[in-house]
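Colleague: I'd like to go through this model with you, one question at a time. Can you put it up first?

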Amino acid sequence: MIAESAMADEAMVLATAQPDPLEIALREHSLLVYRISYSVLGDRAEADDATQETFLRALRYGKKFERIENPKAWLARVAWRVAVERRNHQTADAEVETNAHEIASRTTGAEQVLLEQERSVLLNALLAALPGTLRHPLILSSIEELSAREVADTLGISEAAVRSRAFRARQILKERLLSLMGDRK
């Protein structure tokens with residue numbers, strides 16, 4: 001009877017306890033961490049590993065996490081650094097694997113699926129051809145939808161540099177797409 005009472009008291013304490021801010025942040029931003037890792041590494045397995053490593057680093061940070069003003073930007077920066085470190089350890093001649101066929105909907109026709117795959121491969125190739133200094137701000141701001149301040153914190157550059165580099169990357173992509181469209185006519 002006493003043991004049951006103690007267990008019930010413990011269960012009540014656990015049920016009413018405030019959730020850990022780190023746990024909440026990890027749950028809320030896990031997809032962002034994965035997408036950043038994938039955008040840098042281009043491989044699902046590597047992105048999974050980088051995501052796990054990011055979470056381990058965050059867990060090691062422990063109680064100090066509560067003092068972080070912007071957990072989303074902090075996790076994005078950690079994910080970015082982990083992914084870049086992993087990419088730097090990969091071999092230089094590793095090819096980026098595209099999984100465009102997984103994105104296509106099952107309800108679309110075969111021709112539409114092939115067209116979407118071709119577009120995806122082309123866009124990935126054009127993005128990969130951009131210099132890293134332009135590609136990274138563009139991916140983080142446009143695709144991952146981080147604010148200029150969050151991208152600046154993640155990459156360690158100014159907000160003005162983020163906006164300038166993302167703008168320049170868009171210009172280059174536009175020029176290359178227009179050039180490709182002109183070649184097809």
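Modeller: Sure, one definition to start: helices (H or I, at least four residues) and strands (E, at least two) are DSSP runs, numbered from the N terminus. This is a predicted model, where local features need pLDDT of at least 70, side-chain atom pairs count only at pLDDT 80 or more, and totals for chains, interfaces and linings use all residues. Residues are numbered from 1 along each chain as its sequence is written, and side-chain values use heavy atoms, with hydrogens and water left out.

Colleague: What separates Y34 and Y38 along helix α2?

Modeller: Both sit in helix α2, 4 residues apart. Because of that spacing, the separation is about one helical turn.

Colleague: Which kind of aromatic pair do Y34 and Y38 form?

Modeller: Rings of Phe, Tyr and Trp (its six-membered ring) pair if their centres lie within 6.5 Å; planes under 30 degrees apart count as stacked, over 60 as edge-to-face and the rest as tilted. That rule gives a count of 1 aromatic pair. For Y34 and Y38 the centres are 6.2 Å apart with 20° between the planes, so by the cut-offs the pair is stacked.

Colleague: Is H29 buried or exposed?

Modeller: H29 is also in helix α2, and it touches K72 and L75, not counting residues up to four places away in sequence (contact means heavy atoms within 4.5 Å). Buried means under 20% relative accessible area, exposed over 50%, partly exposed in between (1.4 Å probe, protein chains only). At 14% relative accessibility, H29 is therefore buried.

Colleague: Which element gives the most residues to the largest nonpolar core?

Modeller: A nonpolar core is a set of buried Ala, Val, Leu, Ile, Met, Phe, Trp, Tyr and Cys residues joined through side-chain atoms within 4.5 Å. The largest has 27 residues, and I36, W74, L75 and L146 touch the most other members. Two or more residues come from each of α2 (21-41), α3 (44-61), α4 (71-89) and α8. The top contributor, with 9 residues, is α4.

Colleague: What is the relative accessible area of E144?

Modeller: E144 is in the loop between α7 (132-143) and α8 (148-155). Leaving aside neighbours within four places in sequence, E144 is in contact with L32, R35, I36, S39 and I139. E144 counts as buried because its relative accessible area is 8%.

Colleague: Where does pLDDT stay under 50?

Modeller: pLDDT is the predictor's confidence in each residue, from 0 to 100. The protein averages 78, and 79% of the residues score at least 70. The stretch under 50 is residues 91-105.
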